[in-house]
Amino acid sequence: MGAGIVVVGAGHCAGQLVARLRAEGYGDAITMVGAEAHPPYQRPPLSKNYLSGEVGVERVLLRPASFYEENDIELRLATRVREIDADGSRVILDDGQSLAYEQLVLATGATVRRLAVPGANLPGIGYLREISDSDAIRAAFSEGARLVVVGGGYIGLEVASVAAGRGVAVTVVETESRLMSRVASPEVSAWYLERHREAGVDVRTGVSVSGFEGDAKVSRVRCADGSAFDADFVVVGIGIGANDALAAAAGLETDNGVVVDEYGATSRAGVWAAGDCTSHPSRLYGRRVRLESVHNAMSQAKVVAANICGKETPYDEAPWFWSDQYDAKLQIVGLAEEGDERVVRGDPGAGAFTVFRLRDGALVAAETVNGMRDHIACRKLVGAGARPSREALADASVPLATLAA
Ligand SMILES: Cc1cc2nc3c(=O)[nH]c(=O)nc-3n(C[C@H](O)[C@H](O)[C@H](O)COP(=O)(O)OP(=O)(O)OC[C@H]3O[C@@H](n4cnc5c(N)ncnc54)[C@H](O)[C@@H]3O)c2cc1C
C-alpha cells in the first residue's frame, strides 16, 4: 500500500470525503487529521437543536465512530497540521511528526471573525463554531439571564431564538439597517424581525458595538451610538474567514480561500481542497465564490473524491442554505445581489412565502419561508438558469415546477 491520501481537517466535508473515497473504491491508505477532539460532526445543530438540548452529541456525529475503523480510515484527532511540505509530499503535525502523502486534501473549514474592540477578551463573551462553544452557551441559559447577541445573521439569530425559548432576556445588536442583510431580501428581514420581536427579543439595527465592560466578566455592552446593554453573557456571530493560511504558506494560490478549479484541484498538482476553505469558480454566477454551507461541503467532497478516483466530475450546483428560527424554516437557493429585481409569491402575513430574485430576467436566487415544496422547485429553476415571467412567479396558482427554462 502506498502513502495514500492525507486529509487535513476532520469536519463535515472531510467526513463526507473519506466516506465517498471508499464508496468510489479507493483502496489505499486514508488518514484524516483533525484539530478538534471529535470525529466529523454536523455544525448546524450547534445553533439549533443541540444548543436547545433536544439532541446529544451522538446525534450530531456525521457517522458513528466505528465507521472509520470498519472502513480502514485512520483518524488523528486533536492533532493539527502545522505545515505542508509540498515539495516533499508530506505534512508536518504539531508534535513534529510528519505524514507522507500521494494526494493531499485540504478541508480546513473556516474560523470565526473576532470583534476587535476594548474588552473583547473578557470572560463571558463567546463565539460559536465548535461543540464546546455550543455547550458553553447552553450552560449560560437560565430564566431571566441577559444575553446580548452581536450580529443579526443566521448564527446570531438562531442563538437568539433558542435562548428566548429558554426564558433568556435577549438583545440583538446588528450594525446593518436590517437582519440577515448579507443573505436575505428586505421582505424576509422584516418578517424575521417581527418573529423576534414577538418572542420578546430586543432587536437593535444600525447599531455597532464599540466595547465591552466588566470586572471579572462581561457585564455591559457599549455601542457607538451611546446606547449600552447590561449582559450576563454575550455571543458574537459576525461571520467567518476561510482557513487558508496553511495553503498560502505552502505556496498554493489563495484568494479569500484556497483557490480551486471546478474539479477541486488547487494550484499544486496532487493537492485538492473542498468545503468552507475554498474559493471555486461558479458557472452560474460567472465569478469565484466562497460558500459557507453544508450542501457545498458535501457536494465538493463528493466531487473531489470522484476526481481523485479518476472520474472527471466538475462541480456545478446552485448553492443552497437554510436557517431554523422559532418554528419557521428559511431556505435559500442561489446568491442574490443588491439591485436584483424582487418578486414575492404568497402572503408574508400568512406565514409562508417566497421572494424571487431576478437579474437580467434570469432567476438567480429564491428565499422561501415555510415552503419546502417551493424551495425544492426553486433549486431546479435557479440551477437551470430559468427565465420565468414575473407574473407567473407572483401567481401562487401557477406551480413553480412548470416554469422551467
Ligand atoms: C453554529 C453553526 C450553524 C450552522 N448552520 C448551518 C445551516 O443551518 N446550514 C448550512 O448549510 N450550514 C450551516 N453551517 C455551516 C456549515 O456547518 C459549514 O459550512 C460546514 O461545517 C463546512 O464544513 P467544512 O468541513 O468545510 O469545515 P468545518 O466543518 O469548519 O471543518 C473544518 C475542520 O478542519 C479543522 N482544521 C482546520 N485547520 C486544521 C489544521 N491545520 N489541522 C487539522 N485540522 C484543521 C478544524 O478544526 C475543523 O474541525 C453552520 C455552521 C455553524 C458553526
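**Strands, rings and exposure: how the labels are earned**

User: What makes β14 and β15 a strand pair?

Analyst: Three bridges join β14 to strand β15 (residues 228-230), in the antiparallel sense. At least two bridges are needed for a pair, so the label holds. Bear in mind that this is a predicted model.

User: Which residue of β15 faces R222?

Analyst: A228 does; R222 stands opposite it. The hairpin of β14 and β15 has four residues between its strands, and G226 takes a positive phi near 95 degrees.

User: How do you know that β13 and β14 pair, and in which sense?

Analyst: Strand β13 (residues 209-213) runs antiparallel to β14, with four bridges between them. The cut-off is at least two, so these strands count as paired. F212 in this pairing stands opposite V221 of β14. β13 and β14 also form a hairpin, with six residues between the strands. In its turn, G214 has a positive phi of about 155 degrees.

User: Which residues of β14 lie on its covered face, and which on its uncovered one?

Analyst: V221 and C223 make up the covered face of strand β14 (residues 220-223). R220 and R222 are on the uncovered face.

User: What makes β11 and β12 a pair, and in which sense do they run?

Analyst: Strand β11 (residues 169-174) and strand β12 (residues 202-205) share four bridges and run parallel. At least two bridges are required, so the pair qualifies. V172 stands opposite V203 in β12. Helix α6 (residues 186-198) joins β11 and β12 in a β-α-β unit, and that unit is right-handed.

User: Why is the T171 site called buried?

Analyst: T171 has a relative accessible area of 10%. Buried means under 20%, so T171 is buried. T171 is found in strand β11. Leaving aside neighbours within four places in sequence, T171 is in contact with residues including L147, V148 and V149. D202, R204 and F229 are also among its contacts.

User: Is S177 buried or exposed, and why?

Analyst: S177 has 62% relative accessibility. The exposed class starts over 50%, so S177 is exposed. S177 lies in the loop between β11 and α6. Residues up to four places away in sequence aside, S177 touches T205 and G206. S177 and L61 are 37 Å apart, C-alpha to C-alpha, and 116 residues apart in sequence.

User: Why does S134 get the class it gets?

Analyst: S134 shows 0% relative accessibility. That is under 20%, so S134 counts as buried. S134 is found in helix α4. Neighbours within four places in sequence aside, S134 is in contact with L46, Y50, L51 and L128.

User: Why is N370 neither buried nor exposed?

Analyst: N370 has 33% relative accessibility. Buried needs under 20% and exposed needs over 50%, so N370 is partly exposed.

User: Where is N370, and what does it contact?

Analyst: N370 is found in the loop between β26 (362-369) and α9 (372-383). Apart from neighbours within four places in sequence, N370 is in contact with W191, D327, A328, K329, G351 and A352. K329 is 41 residues from N370 along the chain, yet their C-alpha atoms are separated by 5.2 Å.

User: What makes the link from N370 to G351 a polar contact?

Analyst: The side chain of N370 reaches the backbone oxygen of G351 at 2.9 Å. The limit is within 3.5 Å, so the distance fits.

User: How many aromatic pairs are there?

Analyst: The structure holds five. F141 and F233 form one of them, with 6.2 Å between centres and 55 degrees between planes. This pair links distant parts of the chain, 92 residues apart. F141 is in the loop between α4 (131-140) and β10 (146-150), while F233 is in strand β16 (residues 233-236).

User: Why is the pair of F141 and F233 called tilted?

Analyst: Its centres are 6.2 Å apart, and the limit is within 6.5 Å, so the rings pair. Stacked needs under 30 degrees and edge-to-face needs over 60; 55 degrees fits neither, so the pair is tilted. F141 and F233 are both buried.

User: Which residues do ring pairs link into a cluster?

Analyst: W191, Y192 and F353.

User: What puts R114 and R138 over rings?

Analyst: R114 lies over the face of Y127, 4.3 Å from the ring centre. The charged end of R138 sits over the ring of Y50, at 4.7 Å from its centre. The distance limit is within 6 Å, so both values pass.

Methods: Residues are numbered from 1 along each chain as its sequence is written. This is a predicted model: local features need pLDDT of at least 70, side-chain atom pairs count only at pLDDT 80 or more; totals for chains, interfaces and linings use all residues. Side-chain values use heavy atoms; hydrogens and water are left out. Rings of Phe, Tyr and Trp (its six-membered ring) pair if their centres lie within 6.5 Å; planes under 30 degrees apart count as stacked, over 60 as edge-to-face and the rest as tilted. Helices (H or I, at least four residues) and strands (E, at least two) are DSSP runs, numbered from the N terminus. Buried means under 20% relative accessible area, exposed over 50%, partly exposed in between (1.4 Å probe, protein chains only). A charge sits over a ring if NZ of Lys or CZ of Arg is within 6 Å of the ring centre and within 35 degrees of the ring normal. A crossover is right-handed if, with the strands pointing away from the viewer, the path from the first strand over the helix to the second runs clockwise. Contact means heavy atoms within 4.5 Å. A polar contact is a pair of N or O atoms within 3.5 Å; within protein, one must be able to donate a hydrogen and the other to accept it, and residues adjacent in sequence count only if both atoms are side-chain atoms.
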